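Work through the exercises below with the sequence and the coordinates open, and try each task before reading its solution.

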Amino acid sequence: MVDQHDPCGVAAAWQQAADKVRELRCDDGDADAAGWNGVIDRAVGLLEQEASDARAMGRMAYLLIVGNVTPSADSPR
């Protein structure tokens, strides 16, 4: 299913990258794993923010195209 706010799949690609990076987390309990996981969590957060930004841009473009620049409370988000 194509997301109307992400028709080219840009946000989906960023989210997929975040999911792949998340898989690199270590389950070891040592200090090195904690540091590694901190870096991985930061990278995942940045990738997910890119996905969110791409969706927001797509939503703004969609609203401009359909002529609904000021969405009502019942508009799809």
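**Exercise 1.** Classify the exposure of R25, and then locate R25 and its contacts.

*Solution.* R25 counts as partly exposed because its relative accessibility is 35%, where buried means under 20% relative accessible area, exposed over 50% and partly exposed in between, with a 1.4 Å probe and protein chains only. The model is predicted, so that local features need pLDDT of at least 70 and side-chain atom pairs count only at pLDDT 80 or more, while totals for chains, interfaces and linings use all residues. Residues are numbered from 1 along each chain as its sequence is written, and side-chain values use heavy atoms, with hydrogens and water left out.

Next, place R25 in the loop between α1 (10–22) and α2 (31–66), helices being DSSP runs of H or I with at least four residues, numbered from the N terminus. Leaving out residues up to four places away in sequence, R25 touches W36, N37, I40 and D41, contact meaning heavy atoms within 4.5 Å. The C-alpha atoms of R25 and I40 are 6.5 Å apart, although 15 residues separate the two along the chain.

**Exercise 2.** Determine whether N37 is buried or exposed, and describe its surroundings.

*Solution.* N37 lies in helix α2 and counts as buried because its relative accessibility is 9%. With residues up to four places away in sequence not counted, N37 touches R25 and C26. The buried residues of α2, among them A33, N37, I40 and V44, pack against α1.

Definitions and conventions
Helices (H or I, at least four residues) and strands (E, at least two) are DSSP runs, numbered from the N terminus.
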